[in-house]
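Here is a walk through a protein model, written for someone who would rather look than read tables. Keep the viewer open and follow along.

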Amino acid sequence: MARMPLHELHQAPVDQVLRLLDTFPRRALRAVRWDAGRWVTLGVSGLILMCGVLCLVYPEPVPQIAGFMAFWMGCGLAMFRFSLRFSREDPLVEINERASRPELVAVLLRRLQRDLAADGGVTLKLRSRPIDRGPGSRFSPAGMGKSTAWTLVDPWLTLETRLADGAYLRLRIVEKRRCQSRVKLSRPNATRIRLKYRDVLHVDVRLRVKARRHPELATLTEAEARRCVRLPDSVTFRRLRVSADQLRLQIQVRQPWCARIPRSISSRPERKLAVAEAAFWRARADPLDASRMLTGLLLSLYQMLHVARFPQPPQPPPAPKAVPAPLPKPERSTRKRRGRKAV
């Protein structure tokens, strides 16, 4: 099965990695605009080329007519390409899907840039394009054989770097897509294939430290470390491992996510954003901010180191609550009840 291209950098400076990541949004925008005007451009270019051939082969007045037509078709094509470049009706959804992964890594590296080692590099393995979906993709039921359900695994990010305090950080993100196909009879002698996707994001964060610098880490219990983890409501906790020289945290994300939610999103975002972009973010106000989630995971790991170094004193058991005395039963009345006499 063919995969998307993988970009690899080994021990590269942070500035070089950020320059590479900043080129992906422009590539995505250029690719989307090229897809929008590709067939029009090819068709008009073919007509202009044919007019040029007519100018060279046929005598007058055919060259004048062909040159006139080629000139105006060239002007129309230039105006069409110019309008695509500055069009406000860009398909923001596809651009966001193509650029969300590199943008997430860039935001995370910029937040960690002050905490990275001065002479350290970054090892990066990034697959920027997500898995295609839909009947026309390469992962459609036609390419999966006769099975009605399958799982695609896409390990699209591996980030390794050394921090300023000597710790070694390793971040790995894997996307697993579960796809189910069902054939329905829309009308007699006609079938319709319905695809149902379910994406799950697996995040694995490891922090390796020197045991001689953190000797208290070996005495940290898993329950104490678990209390340091802060996760959003839509994130599922999977596993936490604590050893003498390593902290490892694994989570699952089932909610749609974005690299970073703009700060200018408000109740009336049209004041600060373009109309199309505001409508795009307003329709996606629920996605998880992945950059904040990853930053919170790193802070949780360092909170574990802090708790291991400065353990909290054991809390005294809570004082037993005073049980209120039972209320006395009301005295029974000695007055006789009058009942109906038997007839």
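Is valine 107 buried or exposed? Valine 107 has a relative accessible area of 7%, so it counts as buried. Please keep in mind that this model is predicted. You will find valine 107 in helix α3, which covers residues 92-112. Setting aside residues up to four places away in sequence, valine 107 touches Arg260 and Ser291. There is also a pairing to look for with threonine 295: the two residues are 188 apart along the chain, yet their C-alpha atoms are separated by 10.0 Å.

Now zoom out to the whole chain. The protein chain has 343 residues, and 35% of them count as buried. Six helices and nine strands make up its list of secondary structure elements. If you take the contacts between residues at least 6 apart in sequence, 72% of them join residues at least 24 apart. The accessible surface amounts to about 23,500 Å², with 55% of that belonging to carbon and sulfur atoms.

Next, turn to the interior. The largest nonpolar core has 53 residues, and the members that touch the most others are Leu21, Leu124, Leu157, Leu171, Val203, Leu294 and Met304. Helix α6 gives the most to this core, contributing ten residues. Apart from this core lies another one of six residues, including Ala66, Ala70, Met73 and Leu77. To see what surrounds one of the well-connected members, select leucine 157. Beyond its neighbours within four places in sequence, leucine 157 is in contact with Val105, Leu124, Lys125, Leu126, Leu171, Arg172 and Ile173.

Helix α6 itself deserves a closer look. It runs over residues 290-309. How far apart are the end C-alpha atoms of α6? They are 29 Å apart, which agrees with the 28 Å that its 20 residues should span at 1.5 Å a residue. The buried residues in α6 are Ala290, Ser291, Met293, Leu294, Leu297, Leu298, Ser300, Leu301, Met304, Leu305, Val307 and Ala308. As you read that list, it helps to recall that an α-helix has 3.6 residues a turn, so residues three or four places apart point the same way.

One polar residue on that list is worth selecting: serine 300. Its relative accessibility is 3%, so serine 300 counts as buried. The side chain of serine 300 reaches the backbone oxygen of glycine 296 at 2.8 Å. Leaving out neighbours within four places in sequence, serine 300 is in contact with Cys228, Val229 and Arg230.

What about the cysteines? A disulfide is a covalent bond between the sulfur atoms of two cysteines. This structure holds zero disulfides. Take cysteine 55 as an example: the closest cysteine sulfur is in cysteine 51, 6.9 Å away, and therefore too far for a bond. Cysteine 55 has a relative accessible area of 28%, so it is partly exposed. Cysteine 75 is partly exposed too, with a relative accessible area of 26%.

Finish the tour close to the start of the numbering, in strand β1, residues 7-12, where glutamine 11 has its place. Most residues other than glycine have a negative phi. Glutamine 11, although not a glycine, has a positive phi of about 50 degrees. At 52% relative accessibility, glutamine 11 counts as exposed.

Methods
Residues numbered from 1 in each chain as written. Predicted model: local features only at pLDDT ≥ 70, side-chain atom pairs only at ≥ 80, totals over all residues. Heavy atoms only, no water. Helix = DSSP H or I, 4+ residues; strand = E, 2+ residues; numbered from the N terminus. Buried < 20%, exposed > 50% of the residue type's maximum accessible area, 1.4 Å probe, protein only. Contact = heavy atoms within 4.5 Å. Areas by Shrake-Rupley, 256 points an atom, 1.4 Å probe, with all protein chains shown as cover. Polar contact = N/O pair within 3.5 Å; in protein donor to acceptor, adjacent residues only side chain to side chain. Core = buried A, V, L, I, M, F, W, Y, C linked by side-chain atoms within 4.5 Å. Disulfide = S-S within 2.5 Å. Expected span 1.5 Å × (residues − 1).
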